[in-house]
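Got your viewer open and a selection box ready? Let's take a walk through this one, stop by stop.

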Amino acid sequence: MRDKVTSSDRVNYGAIIALAAISFMLLRKWIAGGVCKSCARLDGKTVVITGANTGIGMETAKDMARRGARVVMACRDLTRAENAAEYIRRSTGNGNVVIRHLNLASLYSVREFAKEFIATEERLDILINNAGVMMCPKWVTEDGFEKQLAVNHLGHFLLTNLLLGMLKRSSPSRVVNLSSIAHVGGNIEFDDLFFDKRPYSPLLSYKQSKLANVLFSRELARRIKGTGVSSYCLHPGVIRTELIRHILVQYPVLKIVLSVPCILLMKTPWQGAQTSIYCAVTEGLESKSGCYFSDCAEKDPAPEGKDDEVSRRLWEESARMVGLNSRH
C-alpha cells in the first residue's frame, strides 16, 4: 500500500526547493563578484581596447561607449570587429566607435597599429590590454615567439610602450592589463621562455604569460610614476567566453562535462568585464597604480607577482626581444 503524501510532506518539499533556490541565487551572486558602481562619464576621452570584438572585451567596449568615449576596437578579425562595433553603436547610441586592425602575434602589426593611431588620433586616455589566448597548442609566431607569451605579454608590452608618449600627453590616463588568477604558481623561465629546451605545456605557458602580465603592470607603474599615467592589473574571473576554445578542441569530452557547470559556476562576459571597467573609470584610483584587482577590489597577488627583481629583468628581456630601448 502506497504511503500518502501528507500536507506536512508537501511543506517540507517546498521548503527544500525554496532553500535550494535561495542557495543557488546566493552562489550565483558570489560567483558574479563585484560590480563597478562608478557613474564617471568619458565624453571627449579616447579608449583603446584590444580583443574588443567578443567576450569581456566587447562588454567593456560597450560600457566605455555608453559613457560617451570614443572607442577604438583593436582586433585581428575586422569582419567580426565591425559586426561587434555596429552592435555597440546601435545599443549605446554612440556612433564614435571605430575598428582598427591589430594582430598581437605580429610585432609588425603592433607597430603599424601604433603608427596609424598616433598619426590619426589626438589623444589616448585609457588603454585596456584585454586580448589573449589560453592554453593553445605550441604555435610559433612570425617573429619566432611561442604564441601565448607573444600575444598575452610581448604584443601588449610593445603596444603600451609605443603609445606611452600619447598616454602621457593625455594624462591623467590609465593602462589596464588583464591577467588571471592563473599567475599563481607561474614562473618566468628566462633560460627557456619559449619551451625550446623542455616539453611544451599549454598550462605552464599560460601561467608564465599571466604572471608576465602582473610583473609588467607592476614595473610599468614604477617606471611611469609621476607622469600622470597609472597602471593596473586584474583577474576578471572564470568566464564563459571563447578563450577556452583550445581546451575544448584538445579535450572534446569536456564540452559535455562542463556544459552545466559552465552555466552554473562561471561568470557571464558582462560580469567578467566589471573589474576592467572598475580599473578604467573609478575615481581616485591613482594611488593604487601597480596594484592587482579582482571583483572590483584590490587584492594581493601571489608572491611571485611581487618580485621586483624578476619584473625588472622581464622588462629588460622583453624590450630586447621586441626591439625597444629598455629605457623607453
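**Stop one: the smaller hollow**

Start with the second largest cavity, which holds about 30 Å³ of space. Keep in mind as you go that this is a predicted model. To see the walls, select His153, Phe157, Leu215, Phe216, Glu219, Ser311, Leu314, Trp315 and Ser318, the residues that line the second largest cavity. Now colour by helix: α5, α6 and α11 (308-322) each put at least two residues into the lining of this second largest cavity. Which helix supplies the largest share of that lining? That would be α11, with four residues. By residue type, the lining of the second largest cavity splits into five nonpolar, three polar and one charged.

**Stop two: the largest cavity**

Next, the bigger picture on empty space: searching the whole structure turns up two cavities of 30 Å³ or more. The largest cavity has a volume of about 40 Å³. Select Asn129, Asn152, His153, His156, Asn177, Leu178, Asn213 and Phe216 to show what lines the largest cavity. Keep His153 and Phe216 highlighted, since they are in the lining of the largest cavity and also in the lining of the second largest cavity.

Here α5, β5 and α6 each supply at least two lining residues. The top contributor to the largest cavity's lining is α5, with three residues. And how many charged residues are in this lining? There are no charged ones; the lining of the largest cavity divides into two nonpolar and six polar residues.

**Stop three: zoom in on Asn152**

Pick one of the residues lining the largest cavity, Asn152. Asn152 sits in helix α5 (residues 147-169). Is Asn152 buried or exposed? Its relative accessible area is 2%, so Asn152 counts as buried, the cut-off being under 20%. Now show its neighbours: leaving out residues up to four places away in sequence, Asn152 touches Ala131, Gly132, Val133, Lys147, Tyr206, Ser209, Lys210 and Asn213. One of these contacts, Asn213, is also part of the lining of the largest cavity.

**Stop four: salt bridges**

Time for some charged pairs. The count comes to 22 salt bridges, and a few are worth selecting.

- Arg41 and Asp43: this salt bridge has its closest N and O atoms 3.0 Å apart. Asp43 is partly exposed, at 49% relative accessibility.
- Glu82 and Arg89: here the closest N and O atoms are 2.9 Å apart. Glu82 is partly exposed at 30% relative accessibility, whereas Arg89 is buried, with a relative accessible area of 18%.
- Asp196 and Lys138: in this salt bridge the closest N and O atoms are 3.8 Å apart. Asp196 lies in the loop between β5 (173-178) and α6 (202-223), and Lys138 in the loop between β4 (126-129) and α5, so the pair ties together parts that are 58 residues apart in sequence. Asp196 is exposed at 61% relative accessibility, while Lys138 is partly exposed at 33%.

**Last stop: a network**

To finish, select Arg70, Arg100, Glu116 and Glu121 together and show their side chains. These residues are linked in a network of salt bridges.

Technical notes: Residues are numbered from 1 along each chain as its sequence is written. This is a predicted model: local features need pLDDT of at least 70, side-chain atom pairs count only at pLDDT 80 or more; totals for chains, interfaces and linings use all residues. Side-chain values use heavy atoms; hydrogens and water are left out. Buried means under 20% relative accessible area, exposed over 50%, partly exposed in between (1.4 Å probe, protein chains only). Contact means heavy atoms within 4.5 Å. A salt bridge is a side-chain nitrogen of Lys or Arg within 4 Å of a carboxyl oxygen of Asp or Glu. On a 1 Å grid over the protein atoms alone, a cavity is a set of points where a 1.4 Å probe fits but cannot get out, and a pocket is an open set with protein on both sides within 12 Å along at least five of seven lines; lining residues have an atom within 4 Å of a point. Grid points are joined across faces, edges and corners, and a volume is the space filled by probe spheres set on the points. Ala, Val, Leu, Ile, Met, Phe, Trp, Tyr, Cys and Pro count as nonpolar, Asp, Glu, Lys and Arg as charged, and the others, Gly among them, as polar.
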